[in-house]
Amino acid sequence: MRGPLDDLVRRQKSGEPSGIASVCSAHPLVIEAAVLQARDSGGYLLVEATSNQVDQYGGYTGMRPDDFRSLVLDIAARHDLPQDR
């Protein structure tokens, strides 16, 4: 099964400039801006948080990994960015 990263590598190897928007933040406004950029560009989005922001104890944001995942997916759904992107 081929996925978006396989297609990205294929495009890059053929000489087409390609990439993925990547954001390292647990702040909802930063995530929202990244979601809007990915949606409007038709691209994919990679979101991560540092272990200080999100960890098994809640990090300084108070979020555990499942909380962070829900935050990102909720923001994406609110702005019509499909979960597979």
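How do the residues of the lining of the largest pocket divide into nonpolar, polar and charged? The tour below reaches that answer after the whole chain and its core.

This is a predicted model, in which local features need pLDDT of at least 70 and side-chain atom pairs count only at pLDDT 80 or more, while totals for chains, interfaces and linings use all residues. Residues are numbered from 1 along each chain as its sequence is written, and side-chain values use heavy atoms, with hydrogens and water left out.

**The whole chain.** Colour the chain by secondary structure, and three helices and two strands appear, in the order α-β-α-β-α along the sequence; helices (H or I, at least four residues) and strands (E, at least two) are DSSP runs numbered from the N terminus. The C-alpha atoms fill a box of roughly 45 × 25 × 25 Å along the principal axes. Of the 85 residues, 26% are buried, where buried means under 20% relative accessible area, exposed over 50%, and partly exposed in between, with a 1.4 Å probe and protein chains only.

**The core.** Select I31, V35, L45, V47, F68 and L81, which have the most contacts inside the largest nonpolar core, a group of 15 residues. Helix 2 (28-41), strand 2 (45-48) and helix 3 (65-78) each supply at least two residues of this core. Such a core is a set of buried Ala, Val, Leu, Ile, Met, Phe, Trp, Tyr and Cys residues joined through side-chain atoms within 4.5 Å. Centre next on I31, which, residues up to four places away in sequence not counted, touches S25, A26, V47, F68, L71, V72 and I75; contact means heavy atoms within 4.5 Å.

**Strand 1.** Move to A21, in strand 1 (residues 21-24). Because its relative accessible area is 26%, A21 counts as partly exposed. Leaving aside neighbours within four places in sequence, A21 is in contact with Q37, Y44, L45 and L46, and its C-alpha atom is separated by 8.4 Å from that of V47, 26 residues apart along the chain.

**The pocket lining.** Finally, show helix 1 (4-13), strand 2 and helix 3, each of which supplies at least two residues of the lining of the largest pocket. The lining divides into 13 nonpolar residues, one polar and one charged, with Ala, Val, Leu, Ile, Met, Phe, Trp, Tyr, Cys and Pro counted as nonpolar, Asp, Glu, Lys and Arg as charged, and the others, Gly among them, as polar. A pocket is an open set of points on a 1 Å grid over the protein atoms alone, where a 1.4 Å probe fits, with protein on both sides within 12 Å along at least five of seven lines, and lining residues have an atom within 4 Å of a point.
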